[in-house]
Each structure stands twice: as C-alpha cells, then as structure tokens.
Amino acid sequence: MPNTTLRFENLRRRFGRLSVLEGVSGEVAPGQALLVTGPNGSGKSTLLRCLAGLLSPEKGTIEYREDEKVLETEERRRRVGYVAPDLALYSELTVAENLEFFARIRRTGPERGFEVLDRLGLPTDRMAGALSSGMRQRLRWAWALLHRPQVLLLDEPFQNLDAGGEQGTRALLLEHLDRGGLAVVANPSNLEIDRVAGHLDLGR
Amino acid sequence: MLQVTSTSAAETALPLRFTWLSEVVAVFVKDWRCEFRTRYALNTLALFAFTTMVVVSISLGPIGIDRARGTKVLPVLLWVILLFSVAAGLPRAFVQEEESQTATALRLSATPSALFCGKLLYCLTLVGALELLVTPVFVTLMNLEVVSPALLAGTLAAGGYGLAVGSTLVAAIIAQARTKGTLFSVLAFPVLLPLLLLVVELTFNAVAGGGGGVALSQLLLYDASVTVAGLMLFPVVWNP
C-alpha cells in the first residue's frame with residue numbers, strides 16, 4: 001500500500017449563518033488513526049464530508065500526499081473508503097448486486113467486498129432495502145473496503161452494530177491500519193481504539 | 001526482450017470490465033434493473049402518454065379535425081405529449097439518487113463522465129421506448145397521413161436524443177436543489193425550447209411533404225452541442 005498522509009489546516013465551513021467548522025486542523029500519518037469527538041452538531045460529519053471531497057470548505061486546505069505527490073480531488077475520492085449514517089446503497093438491489101455494481105464503477109473486482117461480508121456474517125442474496133439497520137451498517141463497511149482504500153473516513157462506524165459486528169469491524173479497522181492505511185474516526189463519545197495517534201475534540 | 005514487450009502490453013491493456021465503457025454500461029444496467037423492480041418511470045411515462053393521447057383523441061379525433069388543420073396541429077400535439085411524458089419521468093434519473101441518499105456512494109465511486117453517459121443511455125432508451133409506444137398509436141388514432149415516414153423516423157430519433165440529453169443535463173443540475181419541480185420547468189424551458197421548435201417543424205414537413213432542409217442540420221447540431229455541454233458541465237454540477 002502506498003504511503004498516504006492527510007493534513008488539513010484551518011478549515012472553515014458555514015451553512016448560512018451557522019458556523020459548523022472554524023479553524024479546524026489535524027494531521028494523520030500512515031498506520032495511524034485520528035479520533036474526532038464532539039456532541040451532535042459540532043461538525044464531525046461536516047469535517048468528514050470535507051475530507052472525503054463531498055463538501056468544499058470555505059477556507060483552509062486539505063492535502064492528501066501519496067509518496068510526496070499531492071493528490072487531486074478526483075484521485076482523493078477514489079482512495080477514500082467512507083462509512084456514514086447518511087450513506088445508502090440501492091434498496092432495489094441485493095447486497096451482492098450492490099457490491100458488483102460499485103466494484104465495476106470503481107474498476108475493481110467485488111472479491112474484497114464479499115470477503116468483508118463473509119467475515120461480518122451478512123448474507124449476499126438479501127435485498128438491501130430489507131436489511132436491518134445493523135446489517136446496513138455491515139454493508140456500508142463492505143462497500144467502503146471494496147477497493148482496498150488507503151484512507152478510511154468513519155462517521156460513527158459502530159452505530160447499530162451488535163457485539164459481534166462491532167468486534168468484526170474493529171478488527172477490519174486494525175488490519176487496515178496494520179497495512180499502512182490511515183483513518184479518521186468520528187464519534188459523539190470517546191472510543192477505545194488501538195493506534196489512535198491524535199484526538200480532535202470539536203466540542204471545545 | 002519479447003517477453004518484456006508482451007508483459008508491458010498486457011499491463012497497459014485493461015480488461016473490458018475495467019474500462020470507462022464498462023462503467024457506462026454498469027450505470028445503465030443498474031438503472032434499468034432498479035427501474036424494472038420499481039417501475040416508477042415506466043408507469044409515470046406510460047400513464048401520462050396514454051391519458052393525454054386519449055384526451056387528444058376524444059377532443060380532436062379523425063372526425064373532429066379536418067386534414068388541413070390536422071397537419072398543422074397534430075405534430076405540435078405529438079411533441080407536447082412526448083415532452084410532458086418525459087418531463088414527468090426523466091428528472092428522476094438524478095433526483096432519485098439524491099432523495100434515496102445513494103448519490104454520496106456514486107460521487108465517491110463513479111467517473112463523472114461515465115455516470116453522465118450511463119444515465120443518458122438509460123434516459124435515451126426510455127425516450128425511445130416511449131416514442132415507439134406513442135407514435136404509432138397517435139398516428140393511427142388521429143388518422144394522420146405521413147408523406148415522408150423516413151423524415152418522421154429521423155426526427156423522432158434525433159428529437160428523442162435531444163429530449164433525453166437535455167432532460168438528463170437539467171435533471172443533474174436540479175438534483176441537489178430543494179425546489180426540484182419548479183427548477184426543472186424553469187431550466188428545461190430555455191434548454192428544450194429550440195429543440196421543440198425544430199422537431200415540430202420537421203414533423204410538420206414529414207406530414208405535409210416538405211424536406212428536412214436546414215432544420216434537420218440544426219437539430220443534429222443542437223444534439224451535438226447539448227451533449228458536449230453536458231459532458232463539460234456535469235462534473236461541475238455533480239461534485240461540490
């Protein structure tokens with residue numbers, strides 16, 4: 001896996017008059033995770049959407065470097081695996097059809113996604129629209145890891161998961177970090193995660 | 001040396017399933033698979049087209065309108081039926097992605113130009129199916145005599161493409177807006193008005209016996225221009 005680093009500085013994002021992010025900075029190195037905490041509305045999801053390239057910050061810089069080369073926005077999107085509560089896959093398709101579709105448009109095979117689903121114990125023949133919230137979270141993880149991303153952006157990654165699901169996804173996160181990937185994990189409360197190199201509290 | 005050359009060629013030649021075209025096909029197949037399972041656009045288009053055709057037939061049927069008036073009025077009515085049927089169903093191509101929150105996964109996965117072309121291909125087949133359904137029924141119900149069937153077929157093909165590409169572009173622009181319905185009408189008007197003027201003129205010529213002339217070239221130019229504009233604009237309107 002190439003060495004990817006992430007650095008963001010002095011980010012500002014407002015929605016109308018409401019200032020959600022103001023002067024937020026951080027840095028994550030390969031093999032490390034940054035934990036972002038704060039109460040509801042403190043800007044955790046907005047920060048992750050900015051880092052994923054789904055929102056543009058009004059001020060500040062976001063820089064992904066891969067072996068000293070700065071990545072463009074489009075390249076950045078392709079290297080990101082993203083798990084968030086507001087991310088949905090196609091309810092009219094089965095779990096397997098969803099993974100096969102996204103694998104094709106990511107120009108990769110679906111094998112890694114099926115491997116993750118197998119480990120998390122989610123059947124592939126169920127319609128995505130008929131999944132429980134915990135099962136949908138497992139599918140989001142499989143989708144996020146489908147293309148073996150260097151960067152994982154995880155917004156409340158263990159939400160709705162039972163003990164087995166949380167254990168399985170934590171193991172996947174650690175494997176990702178062990179392989180030299182980096183992660184930004186956002187959660188309302190503190191999380192016990194190995195390999196956390198920094199903690200950004202947006203509630204202060 | 002030979003081995004090095006062949007390895008290099010194998011590395012540069014991507015398998016078919018990993019090309020831009022395969023992305024386009026994947027989006028197209030996915031959209032039709034979802035459509036066949038929900039039948040939202042198919043039902044909307046078919047219902048609207050059928051209802052308006054019946055209303056027009058009852059009001060202006062073969063008994064109620066003479067040939068001279070029919071030649072002038074019926075081409076307009078045919079395209080009004082097609083336009084409003086399309087307007088009722090096609091904006092869903094992108095709006096559905098935003099409303100069901102699948103747009104985020106698409107933004108992070110798809111190449112914008114491939115996504116646009118996949119959606120365009122889906123809309124194109126939908127419009128083509130609509131035209132195949134509506135036109136023969138309309139011509140029969142209205143007892144419309146077509147002097148130049150080839151020109152009518154060409155107009156339907158090029159006009160249908162124009163409707164599909166114009167609607168796809170406008171649908172992509174409005175997808176993230178809150179007032180989608182109003183915005184579609186406002187934006188679609190200037191985009192689709194030149195197209196409608198051209199296709200009505202060409203359909204009139206097909207019925208009355210005139211040739212394609214300049215209007216056909218203008219229609220093809222319109223199709224090419226909106227396609228290029230769509231490919232250039234789409235990455236900007238699709239990504240934040």
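Trainee: How many bridges join E3(A) to strand E9 (residues 196-201) of chain A?

Mentor: Five bridges join them, and the two strands run parallel. Two strands pair if DSSP finds at least two bridges between them, so five bridges are enough to call this a pairing. The model is predicted: local features need pLDDT of at least 70, side-chain atom pairs count only at pLDDT 80 or more, and totals for chains, interfaces and linings use all residues. Residues are numbered from 1 along each chain as its sequence is written, while chains are lettered from A and ligands numbered from 1 in the order in which they are written.

Trainee: What makes a stretch a strand or a helix?

Mentor: Both are DSSP runs, numbered from the N terminus: a helix is H or I with at least four residues, and a strand is E with at least two.

Trainee: Which residues stand opposite each other in E3(A) and E9(A)?

Mentor: A:Thr37 stands opposite A:Asp201, and A:Leu35 stands opposite A:His199.

Trainee: What pairs with E3(A) in the parallel sense besides E9(A)?

Mentor: Strand E8 (residues 182-187) of chain A does, over five bridges. One bridge there has A:Val36 with A:Ala186 as its partner.

Trainee: Why is strand E3 (residues 33-37) of chain A called largely enclosed?

Mentor: A residue is buried if 20 or more other C-beta atoms, placed from the backbone, lie within 10 Å of its own, exposed if 12 or fewer, and partly exposed in between. Four of the five residues of E3(A) are buried, so the strand is largely enclosed by the rest of the structure.

Trainee: Which sheet holds E3(A), and what makes a strand an edge strand?

Mentor: The sheet is open, with five strands in the order E6-E7-E8-E3-E9 (chain A) and parallel pairing. E6 and E9 of chain A are the edge strands, each pairing on one side only. The twist averages 15° from one strand to the next, angles being taken from 0 to 180 degrees between N-to-C directions of axes, which are lines fitted to C-alpha atoms, for helices over the stretch in contact.

Trainee: What packs on this sheet?

Mentor: H1(A) touches E3, E6, E7 and E8 of chain A, and its direction makes about 155° with that of E7(A). H5(A) touches E6 and E7 of chain A, at about 170° to the direction of E6(A). Touching here is contact: the C-beta atoms of two residues, placed from the backbone, lie within 7 Å.

Trainee: How do you know that the length of helix H5 (residues 133-145) of chain A fits a helix?

Mentor: The expected span is 1.5 Å times one less than the number of residues. For the 13 residues of H5(A) this gives 18 Å, and the end C-alpha atoms are 19 Å apart, which agrees.

Trainee: What makes H5(A) mostly covered?

Mentor: Ten of its 13 residues are buried, including A:Trp141 and A:Trp143. The buried residues pack against several elements, among them strand E7 (151-155) and helix H6 (163-178) of chain A, together with H6 of chain B.

Trainee: Which sheet of chain A has antiparallel pairing?

Mentor: An open sheet of four strands does, in the order E2-E1-E4-E5. Its edge strands are E2 (18-28) and E5 (69-70) of chain A. Strand E1 (residues 4-15) of chain A pairs with E2(A) over eight bridges, and A:Leu6 stands opposite A:Val28 there.

Trainee: What does chain B consist of, and how many of its residues contact chain A?

Mentor: Chain B has ten helices and zero strands. In chain B, 21 residues are in contact with 22 residues of chain A. H2(B) gives the most to that side, with nine residues.

Trainee: What describes the packing of H4(B) and H7(B)?

Mentor: Two packed helices are described by the angle between their axes and the distance between the axes. Helix H4 (residues 67-89) and helix H7 (residues 112-141) of chain B pack at about 145°, with axes 11 Å apart.

Trainee: Why does B:Tyr122 count as buried?

Mentor: B:Tyr122 has 23 C-beta neighbours inside 10 Å, so it counts as buried. B:Tyr122 lies in helix H7 of chain B and, leaving out residues up to four places away in sequence, touches B:Phe28, B:Asp31, B:Trp32 and B:Ala93.
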